[in-house]
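Here's a walk through how the chains of this assembly meet and how the strands line up. Have the model open while you read.

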Protein chains: 4
Amino acid sequence: MFSYETSVRLHFTDAAGLLFYGSIFTMMHDAFEEFLAANGLEIARIFKEKAYYLSIVHAEADYRKQQSVGEKVVINVGCETIGDHSFTLLYTILNGDGKTAGTAKTVHVVVDRKTQKKTVIPPNLLQILRSSQ
Amino acid sequence: MFSYETSVRLHFTDAAGLLFYGSIFTMMHDAFEEFLAANGLEIARIFKEKAYYLSIVHAEADYRKQQSVGEKVVINVGCETIGDHSFTLLYTILNGDGKTAGTAKTVHVVVDRKTQKKTVIPPNLLQILRSSQ
Amino acid sequence: MFSYETSVRLHFTDAAGLLFYGSIFTMMHDAFEEFLAANGLEIARIFKEKAYYLSIVHAEADYRKQQSVGEKVVINVGCETIGDHSFTLLYTILNGDGKTAGTAKTVHVVVDRKTQKKTVIPPNLLQILRSSQ
Amino acid sequence: MFSYETSVRLHFTDAAGLLFYGSIFTMMHDAFEEFLAANGLEIARIFKEKAYYLSIVHAEADYRKQQSVGEKVVINVGCETIGDHSFTLLYTILNGDGKTAGTAKTVHVVVDRKTQKKTVIPPNLLQILRSSQ
C-alpha cells in the first residue's frame, strides 16, 4: 500500500476554518502522482511522451472527520479494479491522529492523445496497478 | 431549477488541456453559492451570523464529456432529498453545446458553530431546499 | 475601462476567514479572460488556433482592504504599456463598498507555440490593448 | 537559508501545459508554512491560539523560466526586512536543473484577531525572522 504524507495547507482551507471539500480531490491527485512516481512512472514522462493522458470519469469521496489547517494528512492509495481501458483507485485519508478522516475513489480512463479515444492501459502502468491491488 | 452559467477558466484546466477533475467540484460550490444567493440567502450572511456552517460529507461526480478552456458551462442545481440535519443536492453540468457533460451530487450537513455538532436545518434554508425539489 | 464583476467565492478564502492572497491573482486572470472576450478575442480561440500563448513573466499586487466570503468584487482592467513582444496590464480591485481594495499589475509575453520563443503581439490583440490604454 | 522542495503538481498547471502563474504564489505560501514549521512555529498553532493572523499586503514575482508538470521545484525562503508590525520575505525558485526559475517577495502584516488591527510581531516569530536574515 502506497502512502502519501502531506498537511492541510492554508490554501486548502476555507472561511469555515476547515479543509475545503474540493481540496480533498486535489490532494488525492497529488497522492496519485506520487504513487506513480514511487513506482517509476513520473507524470512528467507521461506528458513528455504525449502518447496518452489519464481522464478521470468518476470521482467520489466521503468525509467522516473535519480537518483543520496545518493538520497532518496521510493518504493511502491502492488499486481496486482494472479494466481494459480504465482502472479504479481507492484512497483512505488519515488525519493527524492516524484515524480515518475519509475514503475516496477515482476512475481513470486512458485516452490516446492523437485519436482522443480510449485506449488500452500501457504495460508499465498496468504492472504498477496490478502490484497495488 | 436554478442554473448557474460560467466558463472553463484557465485556472480550472491542467496540462492535459482540459478541465482538471477537481475543478468541477469547485465550480459546483460556486453554483451552490449562487443558488443560495438567488434564493435570498447570501453566503456572506451565513458567515457573518456565525450560527452554523454547511459541511460537505459526501461528494461525487461523473464526467461524460471533456471540457476545454473557455468553453461555456451551465450547472443546474436541484435538491434531491432533505433530512433533519442534512440535504442532498443534484447537479447537471451542460457544455457549450447544451449537452450533458456530467452529473454530480453533494451531501451537506448543518453544523452548529458553537457545539461543532450537527443541528437542524434552519427554516429559511429549509424553505429554499423544499422549493427546489 | 473594462470592469469584471464577481464575488469572493468560498474556495477563494482560507481559514483566516478572508480572501487568500493567491486567489487575487486567480481572479485577475479571470478578469483578463473576460476582458479579452468582451473585446472579441475568446481565450478558447487562442488555444484552438495554437499559434501562441501568453506567458506572465511578472505579477504584483497590493492589498489595502481585506475581503470576506461572499463580498462583491469589481476588477477594472486597463493596459499600461505595450512593447513589441509584451504588454503590461493594470488592475484596480474594488470591494463591496466600491472602495479600492487593491491594485495589481501583470506583464504578459507572447510566446510562439512552435518555437517556444517570444514573438510579436498579434494584430487583433494589439488593437484590443491599444484601445484599452 | 530554508529550502522547500516540491514538484509542479498537475493542478498547478494550466492548458498552456505549464505552471499557472497564480500557482507560484500558492507554492510560496506552502514554502512559508514549511519555513515556520521547520523553525518550530506550526501554522496549526497560530490558528489554534487565535491571537493573530498574518495578512499579506503585497506580493510580487518574476518568472524567468517556464516550468512543466512534474518538474522538481526548490523554493529558498529568507527574510529581507523586519519592521514593527510587518516583515518582508524573499523567495528564490529553482527548477529541476537547479537554475533560478523565478524570484518573489511577500510582505506580511501581523493582525490582532480581536481588534482586527495591526500589532507587533510576536517574540517567537520575531526570533525566527531574525535568524533568517
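## Where the chains meet

Chain C and chain D each put 24 residues into their mutual contact. Keep in mind that this is a predicted model. About 2,000 Å² is buried between chain C and chain D, with carbon and sulfur atoms giving 58% of that area. On the chain C side, C:Tyr21, C:Phe25 and C:Tyr63 supply 26% of the area buried against chain D, more than any other three residues.

How many salt bridges cross the interface of chain C and chain D? The count there is zero. Polar contacts are another matter: twelve residue pairs link chain C and chain D that way, both partners at pLDDT 80 or more. Helix 1 (21-38) and strand 2 (52-63) of chain C each bring at least two residues to the side that touches chain D. Strand 2 of chain C gives the most, with ten residues. By type, the chain C side splits into 14 nonpolar, seven polar and three charged residues.

That strand also pairs across the interface: strand 2 of chain C and strand 2 (residues 52-63) of chain D run antiparallel and share five bridges. Within this pairing, C:Asp62 has D:His58 as its bridge partner.

Now for chain B and chain C, where each chain gives 16 residues to the contact. Here's how the two interfaces line up:

| Interface | Buried area | Carbon and sulfur share | Salt bridges | Polar contact pairs |
|---|---|---|---|---|
| chain C and chain D | about 2,000 Å² | 58% | zero salt bridges | twelve residue pairs |
| chain B and chain C | about 1,400 Å² | 57% | four salt bridges | eight residue pairs |

Between chain B and chain C, one of the salt bridges joins the side chains of B:Asp30 and C:Arg9, at 3.9 Å from N to O. On the chain B side, strand 1, helix 1 (21-38) and helix 2 (43-49) each give two or more residues to the surface touching chain C. Helix 1 of chain B has the largest share, five residues. The chain B side divides into seven nonpolar, five polar and four charged residues.

## The sheet through chains A and B

Ten strands make an open, antiparallel sheet in the order 1(A)-3(A)-4(A)-5(A)-2(A)-2(B)-5(B)-4(B)-3(B)-1(B). Strand 1 (2-7) of chain A and strand 1 (2-7) of chain B are its edges, each pairing on one side only. On average, neighbouring strands are turned by 25 degrees against each other, direction ignored.

Where the chains join, strand 2 (residues 52-63) of chain A meets strand 2 (residues 52-63) of chain B, antiparallel, over five bridges. There, A:Asp62 stands opposite B:His58.

Inside chain A, strand 3 (residues 72-82) and strand 4 (residues 86-94) run antiparallel and are joined by eight bridges, with A:Ile75 partnered by A:Ile93. A hairpin of three residues connects strand 3 to strand 4. Strand 4 then pairs with strand 5 (residues 100-112) of chain A through nine antiparallel bridges, and A:Leu89 has A:Thr106 as its partner. The hairpin between strand 4 and strand 5 has five residues, and A:Gly98 in that turn has a positive phi of about 80 degrees.

## Salt bridges overall

Over all chains, the structure holds 20 salt bridges. Among them is A:Glu49 with A:Arg45, the closest N and O atoms being 3.4 Å apart. Why can this pair line up? A:Glu49 and A:Arg45 are four residues apart in helix 2 (residues 43-49) of chain A, so about one helical turn separates them.

Key: Residues numbered from 1 in each chain as written. Chains lettered and ligands numbered in written order. Predicted model: local features only at pLDDT ≥ 70, side-chain atom pairs only at ≥ 80, totals over all residues. Heavy atoms only, no water. Pairing = 2+ DSSP bridges. Axes fitted to C-alpha atoms, helices over the stretch in contact; angles between N-to-C directions. Contact = heavy atoms within 4.5 Å. Buried area = accessible area lost by both parts, 1.4 Å probe. Polar contact = N/O pair within 3.5 Å; in protein donor to acceptor, adjacent residues only side chain to side chain. Nonpolar A, V, L, I, M, F, W, Y, C, P; charged D, E, K, R; others polar.
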